[in-house]
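Biologist: Please show me the model, and then we can go through its charged pairs and its sheet.

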Amino acid sequence: MALLLLLFLLTASAVSADEDAFIGVNIGTALSDMPSPIQVVALLKAQNIRHVRLYDADRAMLHALANTGIRVTVSIPNEQLLGIGQSNATAANWVARNVIAHVPATNITAIAVGSEILTTLPNAAPVLVSALKFIHSALVASNLDGQIKVSTPQSSSIILDSFPPSQAFFNRSWDPVMVPLLKFLQSTRSYFMLNVYPYYDYMQSNGVIPLDYALFRPLPPNKEAVDANTLLHYTNVYDAIVDAAYFSMSYLNFTNIPIFVTESGWPSKGDSSEPDATLDNANTYNSNLIRHVLNNSGTPKHPGIVVSTYIYELYNEDSRPGPVSEKNWGLFDANGMPIYTLHLTGAGTLLANDTTNQTFCVAKEGADPKMLQAALDWACGPGKVDCTFLLQGQRCYEPNNVVAHSTYAFNAYFQKMAKSPGTCDFKGVATITTTDPSHGSCIFPGSSGRNGSFPNTTSLAPSSNSSTSGCHSVYFYGAGSFTTSVILGVLLMSMVCL
């Protein structure tokens, strides 16, 4: 333990950062109705996304990105790796066609050579480092090596015994590739590209990893994971994986290579075997990830050393094979509509993916009416939503059904809670939309230019700072019409003291 702690102290500040962290996005192409490059770039601009990673070097996309200033990582697809890794001339031709032809108008800043080669295409592993060197040589010949870095994304599964991070190491069977790869990255001042998916770590842990730990949700100190060798506290899976990679490089005597996370995200939908692939969890993970990266806090091993990250991904890829979750990692659908609305503070206009600057919480189509009624009762009771406008004769009474009334109450709670992650779920019967549900004189909270409140009203829910001592409000709601439930709840509220 003392030796490990000494190693940690010696290497804790070895990695340095040259700039603030950034959030980028991956742009996949497995869509049945792929938006045009012009549409893609328009969405990037609207969302103030300044860093993108392409899974190829599509000519039309690179032309569309010209003169935008957006920093672009282009990729060499896995199927092209063998040819490039065995021929310097093939590598030079690739750079000429896919890089030199587009710079400086298109701001290409990195080339990702393959993707997760060691775990997905191991037969190409022997030529991986040669491919990186050939591509880099072509950049040197064109005097572009100072502007464009060369690296190769790796799956975090190449790290064995990833917790505690201080004891992590790369799969030793890949040492003949990893050692020369790290030497190349060190000599060219490039970075180690790592794909980090806490979703998969959580799913494969058989309940060992708590969901909150995977989603960056706050944990009480006694629930934080502690590395007994370094006494570092880990509050999320993401940091633990990144630090495991740092320690794995240290184990091979490389202590000055920064890490870029080239993929990370959470699916918003899954099949029956993927119950935690939900809109709310995807929203929570990506919102918290963005805040975590942009605050430049680094990781417990390297505090203050930035770990820039690309979210996987910009669009849902409905043509991608595999389970339902594989098609649902995107922030937007093919029409540019947000799958959910990220809830960010301190991120400026980055990925403010409510394209109308308005989002609402509504009852989910097809939701069980009994569950809607229960959620409505909670919102207008313990949730302390002002449901006055749902009473008979008030502006939002019609249409008098549980879907309409619960939609109003859900949205009022969502807006009251500042659209925080997790506040539009109501046990799965609510969802976020950018369509304003206001109708007639019933203006919903958060609606265009209005806050949805009306003067001279009193909330049915007690004030959180009420001075009443020893008397607790108790609400009783039946399964009948909402108006009857509220009136009954008001009568009983004034009668029950505990």
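Modeller: A salt bridge here is a side-chain nitrogen of Lys or Arg within 4 Å of a carboxyl oxygen of Asp or Glu. This is a predicted model, where local features need pLDDT of at least 70 and side-chain atom pairs count only at pLDDT 80 or more, while totals for chains, interfaces and linings use all residues. Residues are numbered from 1 along each chain as its sequence is written, and side-chain values use heavy atoms, with hydrogens and water left out.

Biologist: Which residue is linked with Asp-212 and Arg-217 in a network of salt bridges?

Modeller: Side chains of opposite charge can pair when their charged atoms come close. Here the network of salt bridges joins Asp-212 and Arg-217 with Asp-280.

Biologist: How many residues apart in sequence are the parts that Arg-53 and Glu-263 tie together?

Modeller: The two side chains form a salt bridge at 3.1 Å, N to O. Both Arg-53 and Glu-263 are buried (under 20% relative accessible area; exposed is over 50%, partly exposed in between, with a 1.4 Å probe and protein chains only). Arg-53 is in strand E2 and Glu-263 in strand E12 (strands are DSSP runs of E, at least two residues, numbered from the N terminus), so the parts tied together are 210 residues apart.

Biologist: Is Glu-317 buried or exposed?

Modeller: Glu-317 meets Arg-320 in a salt bridge of 3.0 Å, N to O. Arg-320 has 25% relative accessibility and so counts as partly exposed. Glu-317 has 1%, and therefore counts as buried.

Note on methods
Helices (H or I, at least four residues) and strands (E, at least two) are DSSP runs, numbered from the N terminus.
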